[in-house]
Each structure stands twice: as structure tokens, then as C-alpha cells.
Amino acid sequence: MSRRNDITIIVGRKGSGKSSRARDIARDRERRIFIDVMHEYTDGVIVRDFASLAAYLREKAYSRYSIVFRSLDEKEMLAAIAIATRGSPENPPLPGVTYIIDETDRLCSARSMPEPLHRLANYGRHFQASAIFIARRAKALPADIRASADRYIIGNTFEPGDVEYMREYIGDEKAEAVKAIPPRAEGKPGVFVEWPDP
């Protein structure tokens, strides 16, 4: 049984295996919605617009589901995320949902975050909503997401400054382990450092 709420951040350079790692984590979640900006996921029913997503969720909100949301409209992507924290905590609209938000930094920046992401990161626990935020660099994510994270999963990192930046969150031992991660070999799974230990 998965936790009722958690926030995971997965970071690493291009090709480090972030999407595969996110799939592995999400696999056991009963209800999941992939915000698939780059059309990489095939792990569920593919939905291409918000109206279709809303119709699907009206029927399935309390069932087991896996949805790959592939709208190219940023407003629709944010509306899909906003659903989870509408209504009241006593009666969450999508109980037990996990969002897998790939390329999170396409929807926000280190200095600005749209309200749906803010509510998911800061108040998702009240609505039993979890999230896996995926980006190349932790620095590119807003402070509210970084501060709300229960877990960091860090792959091969290109910029040495990124490791130093994460050191305050993950500590010296984990930071040194991140520095030692080799680039991902073709056809092999990515190597990651997790904080805290799994």
C-alpha cells in the first residue's frame, strides 16, 4: 500500500534515467496521472485535452487508474493538476492520486510557481495528493517544491554547482555519492542516490 501523501523530487541530466525511475516509483500507486509534456509515457490511458480528462475522472475518481495527460496547452496541464486540491480535504476530489510531472520546470521556475503547483506542493497532504516532480536541475524548481520534498532521487548531474546547491538538503555524504555517479551507459538503468535512505 502506498503512502497517503508524499513529495518526491527526481533530478539528473538528460538521459540519466529520470523517467524510468519515476515509472518504477509510480508503478504501485493505485491512482496516477502523468503530466507528459514530452510524450514519453505509455503507462496508461492517453488523454489529450482537459475536457476528456475531466470526463474520465468523473467516472474513475475512486477506482484504480493510470492516465497519461498529453495536452500541449500549459493552461490545460495546470488545470489537470489543480483538480487534486479543489473541494475540501474531508472530501478530496481525487483521493489518493499521484501526479508524475515530467519536465516540471516547463510549468514553473525557481522564482515563480503557478497556483496549482503551489497548492499541490504545499497542501496536497490535506487532499491525499502526492507528486513526483522531475527536472534536470533542483535549482530550477521553486523553493516551495524543494522544501516540501520528502525524498530526493538524484542521478548523474552535469553541473558541479548543482551538487553543492543540493548539499544543504542531502548532506555531505550523499553529495559526495552524487558526484561519483557515472553517466548512464546505453541500455542500462540509471544510477541514483536517494535521500533519505530508502
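The legends below describe an overall view and several close-up views of a predicted model.

**Figure 1. Overall view of the protein chain, which holds six helices and eight strands.** Along the sequence, these elements follow the pattern β-α-β-β-α-β-α-β-α-β-α-β-α-β. The radius of gyration is 16 Å, close to the 16 Å that the globule rule gives for 198 residues, so the protein chain is as compact as a globular protein of that length. Taken along the principal axes, the C-alpha atoms fill a box of roughly 45 × 35 × 35 Å.

**Figure 2. Burial, surface and contacts of the protein chain.** Of its 198 residues, 50% count as buried. The accessible surface comes to about 9700 Å². Carbon and sulfur atoms account for 48% of that surface. Among contacts between residues at least 6 apart in sequence, 70% join residues at least 24 apart.

**Figure 3. The largest pocket, with a volume of about 200 Å³.** The lining consists of 13 residues, and those closest to the pocket centre are Lys14, Gly15, Lys18, Ser19 and Glu40. Helix H1, which covers residues 18-26, gives the most to this lining, with three residues. By residue class, the lining divides into one nonpolar, five polar and seven charged residues. Rolling a probe the size of a water molecule over the atoms shows where empty space is left.

**Figure 4. Close-up of Ala110, in the loop between strand E5 (97-101) and helix H4 (115-123).** Ala110 has a relative accessible area of 37% and is partly exposed, because this value falls between the cut-offs of 20% for buried and 50% for exposed. Leaving aside residues up to four places away in sequence, Ala110 touches Lys139, Ala140, Leu141, Pro142 and Ala143. Ala110 and Tyr169 are 59 residues apart in sequence, and their C-alpha atoms are 16 Å apart in space.

**Figure 5. Close-up of Thr85, in the loop between helix H3 (74-82) and strand E5.** Thr85 has a relative accessibility of 4% and counts as buried, because buried means under 20%. When residues up to four places away in sequence are not counted, Thr85 touches Pro93, Arg119, Leu120, Gly124 and Phe127.

**Figure 6. Close-up of His39, a residue with positive phi that is not a glycine.** The phi angle of His39 is about 55 degrees. His39 is placed in the loop between strand E2 (31-35) and strand E3 (45-47). With a relative accessibility of 34%, His39 counts as partly exposed.

**Figure 7. Close-up of Glu103, a residue with positive phi that is not a glycine.** Here phi is about 50 degrees. Glu103 is found in the loop between E5 and H4. The relative accessible area of Glu103 is 16%, so Glu103 is buried.

**Figure 8. Close-up of the cis peptide bond that joins Trp195 and Pro196.** The omega angle of this bond is about -5 degrees. Pro196 lies in the segment after strand E8, which spans residues 193-195.

Note on methods
Residues numbered from 1 in each chain as written. Predicted model: local features only at pLDDT ≥ 70, side-chain atom pairs only at ≥ 80, totals over all residues. Heavy atoms only, no water. 1 Å grid on protein atoms, 1.4 Å probe; cavity = no way out; pocket = protein on both sides within 12 Å on 5 of 7 lines; lining within 4 Å. Points joined across faces, edges and corners; volume = space filled by probe spheres on them. Helix = DSSP H or I, 4+ residues; strand = E, 2+ residues; numbered from the N terminus. Nonpolar A, V, L, I, M, F, W, Y, C, P; charged D, E, K, R; others polar. Rg over C-alpha atoms; globule rule 2.2 N^0.38 Å. Buried < 20%, exposed > 50% of the residue type's maximum accessible area, 1.4 Å probe, protein only. Contact = heavy atoms within 4.5 Å. Areas by Shrake-Rupley, 256 points an atom, 1.4 Å probe, with all protein chains shown as cover.
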